[in-house]
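User: Hi! I have a protein model open and would love to talk through how its parts fit together. Could you walk me through it?

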Amino acid sequence: TVHAKTKSTNAEVFRISNNGSFKATASFAFEKSANADATSDIFSVEPKEVPDLMPGDTCDVTVWSFPPDANKYDDSLVVCVEQNPYPTTFPVSCVGVVPSIALSGPWEAAAAAALAATQAAGG
């Protein structure tokens, strides 16, 4: 799939550290996502939860973006820490592109002639 091939290139890693005195459980979601498991969402995060992050420990959280077209997309990664009433947000954005390719070479004349013949034959 496209996601498997671009997984390493469409990603950014956030390093989340527990600088508190107690172990913490952190969960991650996006502010604008309609469904945390929807495949149509532009952004995705792994892991969705880090249980038992000990004081002084750091973990990597990876955010991927897969924009479907050539537009800019904005969202916020929301981090909720268990027993903490204040979520932390990190704004994220990505810009999609439309790939294109232009080829030229000696085959152009033959291709143009074949297309003209097909159109003349009613195809």
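User: What is the order of the strands in the open sheet of three strands?

Analyst: Happy to help, and please keep in mind that this is a predicted model. The three strands of this open sheet pair in an antiparallel way. Read across the sheet, their order is 1-5-3.

User: Which strands stand at the edges of that sheet, and why is one side of each left without a neighbour?

Analyst: An edge strand here has a single partner strand, so one of its sides has no neighbour in the sheet. On average, neighbouring strands of the sheet are turned by 25° against each other, ignoring direction. The strands at the edges are strand 1 and strand 3.

User: How many bridges join strand 1 to strand 5?

Analyst: The two strands run antiparallel. One of the residue pairings places A11 opposite W64 of strand 5 as its bridge partner. The number of bridges joining strand 1 to strand 5 is seven.

User: What is the run of elements from the N terminus on?

Analyst: The protein has two helices and seven strands. A helix comes at each end of the run, with the strands in between. Written out, the run is α-β-β-β-β-β-β-β-α.

User: Which residues have the most contacts inside the largest nonpolar core?

Analyst: That core has 18 residues, and strands 1, 2, 3, 4, 5, 6 and 7 each supply at least two of them. For one of its residues, F28, the contacts beyond four places away in sequence include I16, V45, V61 and L77. The residues with the most contacts inside the core are F28, F43 and L77.

User: Is the pair of F14 and F90 stacked, edge-to-face or tilted?

Analyst: This is one of two aromatic pairs in the structure, and it links F14 in strand 1 with F90 in strand 7, 76 residues apart. The ring centres are 5.7 Å apart. Stacked would need planes under 30 degrees apart and edge-to-face over 60; the planes here are at 55°, so the pair is tilted.

User: Does F90 count as buried, partly exposed or exposed?

Analyst: Buried means under 20% relative accessible area, and exposed means over 50%. F14 has 18% and is therefore buried. F90 has 29%, so F90 counts as partly exposed.

User: What share of the protein's contacts with a separation of 6 or more is between residues 24 or more positions apart?

Analyst: The pair of F14 and F90 already showed distant parts of the chain being linked. Across the protein, for contacts with a separation of 6 or more, the share from residues 24 or more positions apart is 62%.

Key
Residues numbered from 1 in each chain as written. Predicted model: local features only at pLDDT ≥ 70, side-chain atom pairs only at ≥ 80, totals over all residues. Heavy atoms only, no water. Helix = DSSP H or I, 4+ residues; strand = E, 2+ residues; numbered from the N terminus. Contact = heavy atoms within 4.5 Å. Core = buried A, V, L, I, M, F, W, Y, C linked by side-chain atoms within 4.5 Å. Buried < 20%, exposed > 50% of the residue type's maximum accessible area, 1.4 Å probe, protein only. Pairing = 2+ DSSP bridges. Axes fitted to C-alpha atoms, helices over the stretch in contact; angles between N-to-C directions. Phe/Tyr/Trp six-rings, centres within 6.5 Å; stacked < 30°, edge-to-face > 60°.
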